[in-house]
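Thanks, everyone; I would like to walk you through one model this morning, starting with its charged pairs and then moving to the packing and the backbone. Please have the sequence and the structure open as I go.

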Amino acid sequence: AGFRGRGNQPAPSTLDGFAHRIARTREAGGVVVATGGCFDVLHAGHAQYLRAARELGDLLVVLLNSDASVRRLKGPGRPVNPVADRRALLEALASVDAVVVFDEDDPRHALDALRPDVWVKGGDYRVADLPEAPIVHGWGGRVDILPLLSGRSTTSILDRISDAG
């Protein structure tokens, strides 16, 4: 699962292609923010969440679960949309500067490579329950929990589609 920056330009299989932009952001006193998830069926809640995450800093990187990772976490019927489509939709959002796909069940390895100043998760999580929180805190990063847009979730959308079906 390689990395592709804005515009879907080819880049190395590590963060090296994006490391220069991260370094420039930090040298200018900027803040690197990261968030992660499946983003399987993009909806208004995701858009609001990603805008709010981007407002916490100067550069937003989304760590995106691979198809295999989503299947392990959500079950055999997921993801609904393949990783290439999910990545393309996220990259099309003005609030997202880059997307990094990871194959593990949680983003700890990708986070360790990126080392964002702020790691953001949605309000359905608690910092104490995040396995990645200790490593983010270990390099002096901050973990923020942002509120979710009420009534918006991929699961509820898929349930409504199933009920209508």
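Aspartate 67 and arginine 86 are both buried, and in this predicted model their side chains meet in a salt bridge, with 2.8 Å from N to O. Aspartate 67 belongs to helix H3, residues 67-74, and arginine 86 to helix H4, residues 83-92, so the pair ties together parts that are 19 residues apart in sequence. The loop between H3 and H4 holds proline 79, and the peptide bond that joins arginine 78 to proline 79 is cis, with omega at about 0°. As a reminder, most peptide bonds are trans.

How many salt bridges does a search of the whole structure find? The search returns 10, and I will take up a few of them. Arginine 26 forms one with aspartate 117, where the closest N and O atoms are 3.6 Å apart. What does this pair tie together? Arginine 26 sits in helix H1, while aspartate 117 sits in the loop between H5 and E5, so the salt bridge links parts that are 91 residues apart in sequence. Arginine 26 is partly exposed, with a relative accessible area of 31%, and aspartate 117 also counts as partly exposed, at 28% relative accessibility.

Arginine 115 lies in the loop between H5 and E5 as well, and it forms a salt bridge with aspartate 112, the closest N and O atoms being 3.2 Å apart. Arginine 115 is partly exposed at a relative accessible area of 39%, and aspartate 112 likewise counts as partly exposed at 39%. Elsewhere, Arg21, Arg54 and Asp97 are joined into one network by salt bridges that share partners.

Arginine 115 is also of interest for its backbone, since its phi is near 50°, a positive value in a residue other than glycine. A second residue to look at in this respect is phenylalanine 39, whose phi is near 45°, again positive in a residue other than glycine. For context, most residues other than glycine have a negative phi. Phenylalanine 39 is placed in the loop between E2 and helix H2, residues 44-54. Is phenylalanine 39 buried or exposed? With 6% relative accessibility, phenylalanine 39 counts as buried, because the cut-off for buried is under 20%.

Let me turn to the packing. The largest nonpolar core has 18 residues, and those with the most contacts inside it are Val61, Leu63 and Trp119. Which elements give two or more residues to this core? They are helix H1 (16-27), strand E2 (32-37), strand E3 (59-65), strand E4 (98-102), helix H5 (108-114) and helix H6 (133-138). There is also a second, separate core of 15 residues, which includes Val62, Leu64, Val118 and Leu146.

Leucine 63 is worth a closer look in the viewer. If we leave aside its neighbours within four places in sequence, leucine 63 is in contact with Thr35, Gly36, Gly37, Val100, Phe102, Pro107, Ala110, Leu111, Leu114 and Trp119.

Moving on to the surface, Tyr125, Val127 and Ile145 make a nonpolar patch of about 220 Å². Tyrosine 125 has its place in the loop between strand E5, residues 118-122, and H6, and it is partly exposed, with a relative accessible area of 38%. In helix H6 we find proline 134, which is exposed, at a relative accessible area of 55%. The C-alpha atoms of proline 134 and arginine 108 are separated by 9.8 Å, with the two residues 26 apart along the chain.

I will finish with confidence. The chain averages a pLDDT of 85, and 81% of the residues score at least 70. Where does pLDDT stay under 50? That is the case over residues 1-13, for which the model nevertheless has 27 contacts beyond four places in sequence, and I would ask you to keep the low pLDDT of residues 1-13 in mind when you look at those contacts.

Conventions. Residues numbered from 1 in each chain as written. Predicted model: local features only at pLDDT ≥ 70, side-chain atom pairs only at ≥ 80, totals over all residues. Heavy atoms only, no water. Core = buried A, V, L, I, M, F, W, Y, C linked by side-chain atoms within 4.5 Å. Buried < 20%, exposed > 50% of the residue type's maximum accessible area, 1.4 Å probe, protein only. Helix = DSSP H or I, 4+ residues; strand = E, 2+ residues; numbered from the N terminus. Contact = heavy atoms within 4.5 Å. pLDDT = per-residue confidence, 0-100. Patch = residues over 30% accessible without salt bridge, like charges linked within 9 Å, V, L, I, M, F, W, Y side chains within 5 Å. Areas by Shrake-Rupley, 256 points an atom, 1.4 Å probe, with all protein chains shown as cover. Salt bridge = Lys/Arg side-chain N within 4 Å of Asp/Glu carboxyl O.
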